[in-house]
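Open the model in your viewer and keep the selection tool ready. The tour below says what to select at each stop and what is found there.

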Amino acid sequence: IDNFFSGKNAAGYHLHNVLIFCLCIQLLYLFLLLLKIEERHSFFLTMVFSVHFLFAHTVSWIPARGDLYLFAFSLGCLLSYFIYLKRLKPIYILLSSLFYFLALLSKETAIVLLPLLYLTGIVFWGFERKKIKSYLFLLPAVTLTVIYLIMRSVSISTVQNIFTVKGFIYNMPMLPEAVCKFFVPLFFSVMPAFSITVTVIGLLLMVLISGSIYFFRKTINKKIVITGAAFFLLPILPSLIYKPAFTGFAYDYLDHRLFFPGIGLLLISYAIVFPLLKKNISINYLYGIVTAMFLVAFVNSENYANYKTYYENAIATNPTSGLAHSNYGASLARENKYDEALLHFNKAVELSPKNIEVRMKLADSYLFLKDYKNLIIQCREVIALNPKTTNAYYDLAVRYINLKMKDSAVSIMNKCVLADTLSADAYYFRGLVYKFTSKNDSALTDFIKTTSLNNQYANGYFQQGYIYGNTGKFTDALSVFEKYVTLNPNDGNGYFYRGQSKCMLNNIEDGCKDLHIALNLGVEEARPKINYWCK
């Protein structure tokens, strides 16, 4: 939807995030009222949450959309179900089930909604074991959970063993660091790594919070505390047991995931602070707090203004992040700022010397700059780490092509194919080398081999069609461009060449349709073809 309306203009994507965030804030207000928090307190708590400095991550970073929808659909699920308990109308069961399923599709964390709903229901709505109506949600919810898990198993064919006790222990600092960042308006990082300073501050705050709850145990709202603890701990649990393979190379956790668990910390704060302050604090002080939080949030959001501010924050706050340096270098390279890019690529290699992807980015930069000495060093390092790395052979082959050493280029790609005879990439890149060296028959053979090994390899079909078209075999060209367009419907070049093939086969009407689509997708070469064919 964003792409349809906004294309490459980021404003539309940001607007989407802001609108969903506003919906989340409205739902939070309703939810707080449902927890029997008085209206003016609910209003203030919601206002605090809406300008909280930590959630600049969630609104400003477009890929945090999943956390926004998790929040919205999860609260929709809870609100619908508690309204059902009050009114006992089946429509609210259906609504609650729908929101639960949509929350699951937004983020896997939604699996904790079942125990969260049950616990909150016991605390606030008096679930009774003998009343079957209190448990009607479980039947559709369990059914939808099974459907979701089946869908997940189909879409994710192989699952690495990332849920381990070792991973859980490694991630434990996430709890105190989350607490610290929720209460302390410092340490904002787009790619955070565990910090002993943040962990210690968080632990001290956890001790202070626990002590306050115990000290004021006779006057504190225990229901709010229990619900707050559940809302904080349960949604954060999946992140604790999940340890990605790139931990350490990239970041240890991401703060935008705290958006939904943040409800729990908000509730615990309210339970402790408001009984103490409600009689002695001026409303002006409260608005002063909100204003200060807004200003900090605004400053924090500027880290997402562009890729430079983003990666400069990442490197400043997490200097050991190889991913930050690697991605920053890649972004600079796209703007042909290779002098700056090389500094970050080299730093990324220094931090992660065995990371092949980083080394290939460095090698690609050396190839562009025609620094062949360093190119050879990097490619040989990569091949030593993994002899099946097709891109390393291809970069060396391009070097030979640039030096007019065509036989050497083919020879290095022959070694690539021998290193992995079942690699579609190996045949595809050797086909490109044959094409560059004007050996079209050999190139066509390799491109056909590419798609036989992987029938979803779109570029393999494209290259076949290009060669067929150049040799006058327009029927064959049309056949493979049909496959390319099916696999890659957003590339105007596919329509451009398919349209030409149709026109050459006297199917002018359909050919012109394709040429116009190509032009609309930004292929300016289609304009003179339209002027020629489409009169």
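Select Asp446. Its relative accessible area is 3%, so Asp446 counts as buried. The model is a predicted one, and the distances at each stop are computed from it. Now add Arg430 to the selection. The side chains of Asp446 and Arg430 form a salt bridge, with N and O 2.7 Å apart. Asp446 belongs to helix 23 (residues 440–453) and Arg430 to helix 22 (residues 424–436); the pair links distant parts of the chain, 16 residues apart. Arg430 is buried as well, because its relative accessible area of 15% is under the 20% cut-off.

Next, select Glu482 and Arg498. They form a salt bridge whose closest N and O atoms are 2.9 Å apart. Glu482 is in helix 25 (residues 474–487) and Arg498 in helix 26 (residues 492–504), so this salt bridge ties together parts that are 16 residues apart in sequence. Glu482 is partly exposed, at 30% relative accessibility, whereas Arg498 is buried, at 12%. Extend the selection to Lys502 and Asp514: salt bridges with shared partners join Glu482, Arg498, Lys502 and Asp514 into one network.

For another salt bridge, go to Glu335 and Lys337. Their closest N and O atoms are 3.1 Å apart. Glu335 has 40% relative accessibility and counts as partly exposed; Lys337, with a relative accessible area of 27%, is partly exposed too. In total, the count of salt bridges comes to twelve.

Turn now to the cysteines. How many disulfides does a search of the whole structure find? The search finds one. Select Cys512 and Cys534 to see the disulfide, with the sulfur atoms 2.1 Å apart. A disulfide is a covalent bond between the sulfur atoms of two cysteines. The torsion about the S-S bond of Cys512 and Cys534 is about -105°, so the disulfide is left-handed. Cys512 sits in helix 27 (residues 508–520), and Cys534 in the segment after helix 28 (526–533), so the disulfide ties together parts that are 22 residues apart in sequence. Cys512 counts as buried, at 9% relative accessibility.

Compare this with Cys24, which is in no disulfide; the nearest cysteine sulfur, that of Cys22, is 9.0 Å away. Cys24 is buried, with 0% relative accessibility. Then select Cys379. Why does the sulfur of Cys379 form no bond with the closest cysteine sulfur, in Cys416? The two sulfur atoms are 11 Å apart, which is too far for a bond. Cys379 is also buried, with a relative accessible area of 0%.

The next stop is helix 12. Select residues 222–241 and measure from one end C-alpha atom to the other. At 1.5 Å a residue, the 20 residues of helix 12 should span 28 Å, and the end C-alpha atoms are 28 Å apart, so the two values agree. Where is the kink in helix 12 centred? Pick Pro235: the kink is centred there and is about 25°. Pro235 is also one of the buried residues of helix 12; among the others are Ile224, Val225, Phe231, Phe232, Ile236 and Leu240. At the start of helix 12, show the side chain of Asn221. A side-chain oxygen of Asn221 comes within 3.2 Å of the backbone nitrogen of Lys223.

Move on to Leu362, in helix 18 (residues 356–368). Leu362 is buried, with a relative accessible area of 0%. Leaving out residues up to four places away in sequence, Leu362 touches Leu342, Phe345, Asn346, Val349 and Gln378. For a longer reach, pick the C-alpha atoms of Leu362 and Leu422: they are 27 Å apart, and the two residues are 60 residues apart along the chain.

The last stop is Asn300, in helix 14 (residues 283–301). Is Asn300 buried or exposed? At 10% relative accessibility, Asn300 counts as buried. Show Phe53 alongside: a polar atom of the Asn300 side chain lies 3.3 Å from the backbone oxygen of Phe53. Phe53 is also among the residues that Asn300 touches, together with Ala56 and Phe188, when residues up to four places away in sequence are not counted.

Key: Residues numbered from 1 in each chain as written. Predicted model: local features only at pLDDT ≥ 70, side-chain atom pairs only at ≥ 80, totals over all residues. Heavy atoms only, no water. Helix = DSSP H or I, 4+ residues; strand = E, 2+ residues; numbered from the N terminus. Expected span 1.5 Å × (residues − 1). Bend = angle between axes of the 7 residues up to and from the residue. Buried < 20%, exposed > 50% of the residue type's maximum accessible area, 1.4 Å probe, protein only. Polar contact = N/O pair within 3.5 Å; in protein donor to acceptor, adjacent residues only side chain to side chain. Disulfide = S-S within 2.5 Å. Salt bridge = Lys/Arg side-chain N within 4 Å of Asp/Glu carboxyl O. Contact = heavy atoms within 4.5 Å.
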